[in-house]
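Q: I am new to this structure and would like a close look at a single part of it, set in the context of the whole. Please take me through it step by step.

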Amino acid sequence: MKKDIVDIVMEKEFIELTQIERAELNEFCATEEEYNQLKSVFTNVKGMSFEAQKPRTETKDRLDQLFDDTYPKRSPVWYVSVLSVIIPKDKPIYRQPLMQVAAVALLFLLVVPLFRTEMTMSDNLIANNEVVVTENENNRVVEAESIEQEVSVEDVIQEQERSVTAGDVVPGGLASSIDELEPMPTLASGMSSSAPMSDHPDGVFMGGVSEGESVAYSQPASESSELLDLLTATF
Amino acid sequence: MRLVKPSYKTMTDESLMVSVSKGDKRAFDEVYQRYSGPLLGYFMRMLWKDREKAEDFVHDIFAKIVRRPELFDPTRKFKTWVYSVANNMCKNEYKKQEVRKNTSNGLDSSYAVSDVNANVLHEVHDVQFREAFEESLEVLDQKHSEVFRLRHIEGLSIKEISEVLGISDGTVKSRIFYATKYLAQSLKDFNPVMNR
């Protein structure tokens, strides 16, 4: 605020006044004594405390009533009271409960995905562990498969062994000849010391236990002296 | 809807009055908060320290603001407008009464002077000076005393006083210095205090 002549009188001594100020004051106080008298009154009045009294509350109540009568409020609606609580008009928007709740909700929505991301990451870690487990399982599976394969190989071998016949092992010519051989008679029935001599070079005899059946059997070398000599001959 | 509600504390008087004219109760409360005390003091000083009358005048001036806020021109300063209204109310009251009420003289009888108070002498001088000052203002003619009050007690500038009273700046200055010279003459007995 621009200082007026009264402010100048209160602030400056007489000798500090400029020519313009002296010319303006010359009309009211020509001498330094008069100037100091004015200055004393001004400064003392300024130093006086005029306590600010407050009107009675009744005065304000009457004025409030008058204001309400002059500016009647709108008819109350049920949601007005709710709105007045959650969106009070006298508060700035950032202090309104509705906005605060919305801000918290927004913050929650922004923060939760971060937690979810962390959970996903931990899930990934778990998944990695599972991968390890899977690998182990794979290994197990591989092992199991290898075991199964071994088992199957053994089965195959066994089956193959089972399926091995004389024809498979013995050359075809021999097999057919073997097949053509008559079965060797059982020792119990036909085997005796007086068993007929075999014409087969290996001493295999074909004999029947019963009619229609033939069993191939061999004669012990001990029972054939020629064969025994042949076998025991030293070179 | 504005993003941030205006703070009534920081709003200018003129903006508050615009809000009051739209029925904003809180704006009215803020105006009342700012001016009820100073106006009460002003009426008290202008109306012979009659508290009841001052209260009524405060009510009346704010009732005018409530009923007819359009009387205030927002292009003007509210402070000068409200004091001009208050001043006119006082003038009307003077016309009604025609006789000004005398104030009590001398020290307040209830004022207890304590020996243990080191500043008691100064306090007594201050109280005496104050009483003498107010008495001198009462004796001073109204057109000079009102200018002096508005300048030194209500804190209005010369320019604002000229707007309130509808007179020129030069007239205001002249009245102020006339009143000041008168007070200096009538309070010359308090020179020790005045020269502190």
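A: In this predicted model, a good place to begin is the surface of chain B, whose accessible area comes to about 9,800 Å², with 49% of that belonging to carbon and sulfur atoms. Of the 196 residues of chain B, 47% count as buried, and the chain has 9 helices and 0 strands, so that, by the definition of these elements, its order from the N terminus reads α-α-α-α-α-α-α-α-α. Among the contacts in chain B with a separation of 6 or more, 62% join residues that are 24 or more positions apart.

One residue that can be followed closely is B:Thr80, which lies in helix H4 (residues 78-97) of chain B. Because its relative accessibility is 0%, B:Thr80 counts as buried, the limit for that word being under 20%. When its neighbours within four places in sequence are left aside, B:Thr80 is in contact with B:Glu160, B:Glu163 and B:Val164. B:Leu156 is 76 residues away from B:Thr80 in sequence, yet their C-alpha atoms are 8.1 Å apart in space.

From this residue we can turn to the nonpolar interior. In soluble globular proteins, nonpolar side chains tend to be buried together. Here the largest nonpolar core has 76 residues, and those with the most contacts inside it are B:Leu39, B:Phe43, B:Phe62 and B:Phe133. Helix H2 (residues 25-46) of chain B gives the largest share of this core, namely 11 residues. The surroundings of B:Phe62 can be listed in detail: not counting residues up to four places away in sequence, B:Phe62 touches B:Phe28, B:Val31, B:Tyr32, B:Tyr35, B:Ser36 and B:Leu39, and from the other chain A:Leu63.

That last contact leads to the interface, where 51 residues of chain B are in contact with 45 residues of chain A. The area buried between chain B and chain A is about 4,400 Å², and carbon and sulfur atoms give 64% of it. On the side of chain B, the residues that lose the most area to chain A are B:His59, B:Arg130 and B:Phe177, which together make up 14% of what that side buries. Charged groups also take part, since the count between the two chains is 5 salt bridges by the definition used for such pairs. A:Lys60 forms a salt bridge with B:Asp29, and the closest N and O atoms of this pair are 2.8 Å apart.

Chain A itself can be described in the terms already used for its partner. The secondary structure of chain A comes to 9 helices and 2 strands, and from the N terminus on its elements run α-α-α-α-α-α-α-α-β-β-α. Buried residues make up 20% of the 235 residues in chain A, and residues 24 or more positions apart account for 31% of its contacts with a separation of 6 or more. Chain A exposes about 17,600 Å², of which carbon and sulfur atoms supply 58%. On the surface there is a nonpolar patch of about 490 Å², made by A:Leu106, A:Leu107, A:Leu110, A:Val111 and A:Phe115. Of these residues, A:Leu106 is found in helix H6 (residues 97-163) of chain A.

Key: Residues numbered from 1 in each chain as written. Chains lettered and ligands numbered in written order. Predicted model: local features only at pLDDT ≥ 70, side-chain atom pairs only at ≥ 80, totals over all residues. Heavy atoms only, no water. Core = buried A, V, L, I, M, F, W, Y, C linked by side-chain atoms within 4.5 Å. Buried < 20%, exposed > 50% of the residue type's maximum accessible area, 1.4 Å probe, protein only. Helix = DSSP H or I, 4+ residues; strand = E, 2+ residues; numbered from the N terminus. Contact = heavy atoms within 4.5 Å. Patch = residues over 30% accessible without salt bridge, like charges linked within 9 Å, V, L, I, M, F, W, Y side chains within 5 Å. Areas by Shrake-Rupley, 256 points an atom, 1.4 Å probe, with all protein chains shown as cover. Salt bridge = Lys/Arg side-chain N within 4 Å of Asp/Glu carboxyl O. Buried area = accessible area lost by both parts, 1.4 Å probe.
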